[in-house]
Amino acid sequence: QQQQQQQPCAQSVDSLFSFANSAAAAVSTNQATNQPSSVDLLDLFGSAPQQAAPTLHTSAYMSPPMPQQPQQQQPPSSDIVLTLAMAQSATGSWALKQEVCACLKMGVATVKAAVPGGVNEDVWMTAVVVAYLTVKCSSFKDMWKMMGDKAQQWVKTSLQATGVQPTQVTAAAKQFVRAN
């Protein structure tokens, strides 16, 4: 029974190779002039090419445009989490860069202006990203929890020498995310 099922497939493959060889022969170059030979579509396909269909002007048949509704803030998607995961450094931090800010729908200048005194820009950006994930992407927590934990540990370690409390930075970042 398997041989019977394989025969139609083998015949199809054989006919495909036969067609390909015919097409290759028809398109081959003329040996005497070394110029491409013309291809007769009737030889290849068994019918003449169809004429292009006349263009229809559909504007007369289209309904008037729908009134635009005010755009509502769409909730973040899992794509944002994936983009942030790719932008995260091996240490667990995020750099204050346009790509990261754009992902959060924030301007670089806005994020820079909010950096607390005594805090490095990358520490602040990392805290802001973790706050964004916590506040706006909580439904995807299973996707970002491990990278968020790593980032929080990096923030804590980075702030040890500054005397700034990580909880203060985290709270300020959450407030910043909610306001923006």
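How much area does the protein chain expose, and what share of it do carbon and sulfur atoms supply? In this predicted model, the exposed area of the protein chain is about 13,200 Å², with 54% coming from carbon and sulfur atoms. The chain has 180 residues, of which 24% are buried. Its secondary structure consists of 8 helices and 0 strands, so that reading from the N terminus gives the order α-α-α-α-α-α-α-α. When contacts between residues at least 6 apart in sequence are considered, 63% of them join residues at least 24 apart.

A good place to begin a closer look is Gln88, which sits in the loop between α3 (78-87) and α4. With a relative accessible area of 15%, Gln88 falls under the 20% limit and is therefore buried. A polar atom of the Gln88 side chain lies 2.9 Å from the backbone oxygen of Gly92. Beyond its neighbours within four places in sequence, Gln88 also contacts Ser93, Trp94, Met147 and Ala151.

Several of these names return around Thr126, a residue of helix α6 (residues 121-136). The relative accessibility of Thr126 is 0%, and Thr126 is therefore classed as buried. Setting aside neighbours within four places in sequence, the residues in contact with Thr126 are Gly92, Ser93, Trp94, Ala151, Trp154 and Val155. Ser93, Trp94 and Ala151 thus appear among the contacts of Gln88 and also among those of Thr126. Gly92, whose backbone oxygen lies 2.9 Å from a polar side-chain atom of Gln88, is likewise one of the residues that Thr126 touches.

Attention now turns to helix α5, where Thr110 is located. Thr110 has a relative accessible area of 38%; this value lies between the 20% and 50% limits, so Thr110 is partly exposed. Not counting residues up to four places away in sequence, Thr110 touches Phe176 and Asn180. Thr110 and Asn180 are 70 residues apart along the chain, yet their C-alpha atoms are separated by 9.0 Å.

The loop between α4 (98-103) and α5 (108-113) holds a backbone detail worth a look, at Lys105. Most residues other than glycine have a negative phi. Lys105 is not a glycine, but its phi is positive, at about 60°. Is Lys105 buried or exposed? Its relative accessibility is 57%, which is over the 50% limit, and Lys105 therefore counts as exposed.

Conventions:
Residues numbered from 1 in each chain as written. Predicted model: local features only at pLDDT ≥ 70, side-chain atom pairs only at ≥ 80, totals over all residues. Heavy atoms only, no water. Helix = DSSP H or I, 4+ residues; strand = E, 2+ residues; numbered from the N terminus. Buried < 20%, exposed > 50% of the residue type's maximum accessible area, 1.4 Å probe, protein only. Polar contact = N/O pair within 3.5 Å; in protein donor to acceptor, adjacent residues only side chain to side chain. Contact = heavy atoms within 4.5 Å. Areas by Shrake-Rupley, 256 points an atom, 1.4 Å probe, with all protein chains shown as cover.
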